[in-house]
Amino acid sequence: MPLTRSRAPRRAAALLAVLCVLAGVGGCGLFSGEGPEEALTDFLAAWSAGDDAGAAALTDNPQAATEVLAAARSSLRPAGIVATAGQVREATERATASVDVRWDLGSGRTWSYLNELELVATPDAERGWAVRWAPTVVHPQLATGQRLAVRTEEPQQAPVVDRAGVPLLEPTAVVSVLLDRLAAGDLPSVTAALAAALSPLDSGITATSITEGAARTPDGQSYTVAVLRERDYLGVKNAIHDLPGLRFATGERMLAPDAGFARQVLPAVRTEMAEQLDGTPGWSVLVTDAAGTAIDTLAEGEPEPGATVGVSLDRAVQTAAEDAVEPVAQQAMIVAVAPSTGEVLAVAQNGPADVEGALALTGRYPPGSTFKIITADAGLAGAGLAPQTPVACPGSAVIGGRPLPNKGGFDLGTVPLRTAFAKSCNTTFGRLGADLPADALPAAALRFGIGADFVVPGVKTITGSVPPSDDPVQRAEDGIGQGEVLASPLGMALVAATVAHGSPVVPELVRGRPTEVTKPADQPDPARLDQVRDMMRAVVTEGTATQLAPLGEVYGKTGTAEFTGAGQAHGWFVGYRGDLAFAVLVVDGGSATVAVDTAVRFLSALG
């Protein structure tokens, strides 16, 4: 409601006041300065602007007003206050005004109420009127000695579930182990006992790490040594519970089935979808006594529970992939994709790989002979070849003056292209790459998703790159997945998925959050894909991956990718079975054998 302007202009009021004094007229009132409306407006403007001291100065008790206004702001920590004047009703030397007060408490919480303030005339010729101070100026139910407070009630968090609705992240009871170094007494003895009990759960916890962490913690505060699942805490409770200087706090955290499960995906999804998963806290504004005990509730909002987030991961596939890479000493990873939908079924890395981040999704490595899938497609398209076309597979070849040997120097003579592919003849595919146009391999790679680019909600992804080259030597090296060709395990999983699906595959992870395609793959030729499938099947039935033959109708390609002149090499296997396409990479594995063995463990676990 707008201010009711019922007084004369200030100059006239001042003249009237002077006349009243000169005439000695009783009851005229000594309000020669601002009227009540201006006094109220100034007070509300200062309060709304966060100037509590300035607002208090416009009352008849600035000291008491400053204390209560500042205490209210400190307790409620508002994002803002908007106090708006309504009607002012003026009487001799007194006035009352209605005020609409709106507190923005942040996070969508708003507290509004109607209040009534009293104003009094003052003998101050400059001010004229002041707000009569009482705690009720802040809220009509606030009394002397009382305070306002905000309490929150945490909502029930929602789980992250896999494609079948099986929980992957859910609220889990935890116990925080907290150490006060000053209360510990013999600190070395305590840290040694803690490390002995906790290091089997987390190898990063040592007596030194605990001591250093505690030393960085200010006096009087506790250092968080570990946050343990309740079941893990119960397993070590007898060893640590009575150690001096320790205390234990219970709570809940969103956790996976075990500490390492999908650790390159789930934490990122948790962060991306936090607002949906966490819900909205409940809240209440209370009147409390000086000790903080609630006396009355002035406003409240119920908590809104979080909403479940579904992801494409398959718990069984993820578990099988993690179990498959875990025994490998070198960095090892598996990415699995459903060709029919593009759903990412698993992103698994072992401990050595996890140290360097999400290598399975963003690492770039020479793909070695797995790239022959793409070189074969380019040769079928541009060189008029077919799987049964006779091609030379000598033990070594010289291209542009540079020698190119087969691994171990094997020599097949002249064989069908299908056999050269199954046995992984470098000399065949190096020559094929050298004879292709400069842009043939990059174009073929894009048909299989290498060079495509996506924005996948929750995670960062890189597929790989294949630059064009006018140099036949470079094209020969690129043709066997060496040279300047780079690909991620995700990128090579998409290659296998494209062969299986018959068209480009877009990786999808979070349900209801489609992937943005910023650079699409091109459409492969269906007839050529039939020929590529035939050659990939031969790899398993008669070529370099016969260990997989007993595990169903598996299609694939092995790869050994040298990355130094000293003969160090990555081991790859790329393939699919049914609606499961996957890529296995063992960094510095020496050969494809270790990758094939990992693939055997992976597929065997899935049955």
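In this predicted model, helix α20, which spans residues 593-606, lies across the strands β13, β23, β24 (569-577) and β25, and the helix runs at about 140° to β25. The strands beneath this description belong to an open sheet of five, ordered β14-β13-β25-β24-β23 and paired in antiparallel fashion. At its edges stand β14 (344-349) and β23 (555-562), each of which pairs on one side only, and neighbouring strands of the sheet are turned against each other by 10° on average, direction ignored.

Within the sheet, strand β13 (residues 332-337) and strand β25 (residues 580-586) run antiparallel and are joined by six bridges, and M333 stands opposite L585 in β25.

The model also contains pockets, and the two described here are set out below.

| Pocket | Volume | Lining by class |
|---|---|---|
| Largest pocket | About 730 Å³ | 12 nonpolar, 14 polar and five charged residues |
| Second largest pocket | About 530 Å³ | eight nonpolar, two polar and seven charged residues |

The largest pocket, with a volume of about 730 Å³, is lined by 31 residues, of which P405, N406, K407, N426 and T560 are the closest to its centre. Helix α20 and edge strand β23 appear again here, since together with β17 (402-405) and α17 (472-479) they are the elements that give two or more residues to this lining.

The second largest pocket, of about 530 Å³, has 17 lining residues, and those closest to its centre are L201, D202, V227, R229 and A259. At least two lining residues each come from β8 (223-229), α7 (230-240) and β9 (246-255), with β8 supplying the largest share, four residues.

Key:
Residues numbered from 1 in each chain as written. Predicted model: local features only at pLDDT ≥ 70, side-chain atom pairs only at ≥ 80, totals over all residues. Heavy atoms only, no water. Pairing = 2+ DSSP bridges. Axes fitted to C-alpha atoms, helices over the stretch in contact; angles between N-to-C directions. Contact = heavy atoms within 4.5 Å. 1 Å grid on protein atoms, 1.4 Å probe; cavity = no way out; pocket = protein on both sides within 12 Å on 5 of 7 lines; lining within 4 Å. Points joined across faces, edges and corners; volume = space filled by probe spheres on them. Nonpolar A, V, L, I, M, F, W, Y, C, P; charged D, E, K, R; others polar.
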